Amino acid sequence: MGKAYDFGLVGLGVMGRNFILNVADNGFSAFGHDLDTEKVTALQKEGGDTNKVDASTDTATFVNALSSPRKIMLLVPAGKIVDSVIEGLIPLLDKGDIIIDGGNSFFTDTDRRDAYLAEKGIHFFGSGVSGGAKGARLGPSIMPGGNKEAYQHVKPIFEAVSAKYKGEPCVAYLGPKSAGNYVKMVHNGIEYGLMQLTSEIYDILKKGGNYTNAELHQTYSKWNAGRLQSFLVEITSEILNKKDDLADGDLVDKILDKAKQKGTGKWTSQNAMDLGIPVPSIDVAVSMREISALKEERVKADVLYDRPTVTLMDKEKLEKITEEALYFSFIITYAQGLHQLADASKEYGYKLDIATIAKIWRAGCIIRAGLLADITEAFNLDKELPNLLLSPSFIQKVQSTVGSARELVSYAAVNGIPLPGLSNSLTYFDAYTSNRLPLNLIQAQRDHFGSHTYERTDKEGIFHTEW
């Protein structure tokens, strides 16, 4: 073999192959491993004769090809396969070697693997990678968490291959144990929320303004050139302009309205409930994918109930209020996800820097957006900021757009157009910014039927009443 490679990668599917070629493009030699001979051959062919890239189906050959300490990244499906790959590597590794899980593993699995491998003297990283196949090849956002000293061995490679925002690499050491996987999980939860919101605005423009796909394409393109600049708005514009290769018309109109999911949005929602942090814009985005899966039932229900006849809105007005409402709800969704990260950081001892997280999301990842530069600045000014809505720099952004969110939610309700993401974002805002909620009545009810006690507004202490 004749040389020791800088970096190893297990799992040469599309993501893995693109990531390892990215490593080689940035001056590091990389050796891949996959049990599938075709994938190994494909990498060798694509890597050419640069002597920067090679691969093998044999685990021992793979491990022995790497320089010490070995830096081995896994890009395999989350779950038992990660444990299986780790078990296959352990007998061949030395103390001080590093295993990096680049998949979407659940954060408690990462904590378990970290503790297990630490006993053997092997460092383990849960490292979220966002940007899809194209990002893996050209520069993703990378979210590593694990042993801080061990990260120094990985840092030069990750900084070289990551996306760059104004020259700054979109990667940073985030914290111990499962910090990286946790941040990636919440990133994906925010992603669910933003995707739901983007689709709702598409729907109301079609139904409330009779927009054609060509007009929608132009509208989303224009928005992407303004304050809504983001990867998801950009690709929505591209999707709306795509013709169907298999039939006449536009492709978007032929795609079945059943959205699937891999679980990271659900994990975000479930864990937020465990922590007691409200993330309703994310919760409802998960629920809407589940409702969309009930296609047959929806078709039956559609003919059973009357729906209001939609009163069309002036296009110029509709475009203005949808842009403002989408901007408002994007802010609210980021606020919820970052609130969850801040609370989880205390609960799990991650010591996360929210400004750093927003900073590495500015390029490369699926939720990258111009708004993240403002979010980074807000958390840099106040490191202890519990919620983005409390940032002085966001008050005017929200105040100037919430009125359009109200108008759009009202219009949609009257016209029978579902806007659950926007509605939940607005309700969250109204509840979070209310100094008094009707939950005093709930506490009275709980005490009435279950003697659960209550606190008072005028006296200290815990009280119970015989109702």
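Contact here means heavy atoms within 4.5 Å. The model is predicted.

## The sheet

An open sheet of 7 strands runs in the order E3-E2-E1-E4-E5-E6-E7, and its pairing is mixed. E3 and strand E7 (141-145) are the edge strands, each with a single partner, so one side of each has no neighbour in the sheet. Neighbouring strands are turned against each other by 25 degrees on average, direction ignored.

The table lists four of the strand pairs.

| Strand pair | Sense | Bridges |
|---|---|---|
| E1 (residues 7-10) and E2 | parallel | 4 bridges |
| E2 and E3 (residues 53-56) | parallel | 4 bridges |
| E1 and E4 | parallel | 3 bridges |
| E4 (residues 71-74) and E5 (residues 98-101) | parallel | 4 bridges |

Start with E2. Strand E2 spans residues 30-33, and both of its faces are covered. Ala30 and Gly32 are buried on one side, Phe31 and His33 on the other. In a regular strand the side chains alternate between the two faces of the sheet. Towards E1, His33 is the bridge partner of Val10. Towards E3, Ala30 stands opposite Val53. E1, helix H1 (residues 14-25) and E2 form a β-α-β unit, and this unit is right-handed.

Now E4. Both faces of this strand are covered as well: Lys71 and Met73 are buried on one side, Ile72 and Leu74 on the other. From E4 the chain crosses through H4 to E5, and this β-α-β crossover is right-handed. Ile72 links to both flanking strands. Gly8 stands opposite Ile72 of E4, and Ile99 in E5 is the bridge partner of Ile72.

Two helices on the sheet deserve a look. Helix H4 (residues 80-89) packs there, touching E1, E4, E5 and strand E6 (123-130). The direction of H4 makes about 155 degrees with that of E4. Helix H8 (residues 179-209) also packs on the sheet, touching E6 and E7. Its direction makes about 20 degrees with that of E6.

## The annotated residues in H8

Where does UniProt place the feature "active site"? The unreviewed entry puts it at Lys184 and Glu191. Lys184 is found in helix H8, and Glu191 lies in H8 too.

Are these two residues buried or exposed? The cut-off for buried is under 20% relative accessible area. Lys184 has 5% relative accessibility, so Lys184 counts as buried. Glu191 has a relative accessible area of 15%, so Glu191 is buried as well.

What surrounds them? Neighbours within four places in sequence are left aside. Lys184 is then in contact with Asn104, Gly128, Val129, Ser130 and Met143. Glu191 is in contact with Leu232, Ile366 and Ile367, again without neighbours within four places in sequence.

## Helix against helix

H8 also meets helix H18 (residues 420-432). Their axes come within 8 Å and cross at roughly 115 degrees. H8 brings Gln196, Leu197 and Glu200 to the contact, and H18 brings Pro420, Gly421, Leu422 and Ser425. By class, the contact has 3 nonpolar, 3 polar and 1 charged residues.

Helix H16 (residues 371-381) packs with helix H17 (residues 392-415). The angle is about 140 degrees, and the axes are 9 Å apart. On the H16 side the contact is made by Leu371, Asp374, Ile375 and Ala378. On the H17 side it is made by Ser393, Phe394 and Lys397. These residues divide into 4 nonpolar, 1 polar and 2 charged.

## The C-terminal domain

Which residues does UniProt list for "domain: 6-phosphogluconate dehydrogenase C-terminal"? The unreviewed entry gives residues 180-467. Over residues 180-467 the chain is 64% helix and 0% strand. The end C-alpha atoms of this stretch are 50 Å apart.

One residue to place on the structure is Asp274, in helix H11 (residues 264-275). The cut-off for exposed is over 50% relative accessible area. Asp274 has 64%, so Asp274 is exposed. Asp274 and Leu389 are 115 residues apart along the chain, and their C-alpha atoms are separated by 22 Å.

Terms used. Residues numbered from 1 in each chain as written. Predicted model: local features only at pLDDT ≥ 70, side-chain atom pairs only at ≥ 80, totals over all residues. Heavy atoms only, no water. Buried < 20%, exposed > 50% of the residue type's maximum accessible area, 1.4 Å probe, protein only. Helix = DSSP H or I, 4+ residues; strand = E, 2+ residues; numbered from the N terminus. Pairing = 2+ DSSP bridges. Right-handed = clockwise from strand over helix to strand, strands pointing away. UniProt positions renumbered as here; feature names shortened; annotations may be inferred. Axes fitted to C-alpha atoms, helices over the stretch in contact; angles between N-to-C directions. Nonpolar A, V, L, I, M, F, W, Y, C, P; charged D, E, K, R; others polar.
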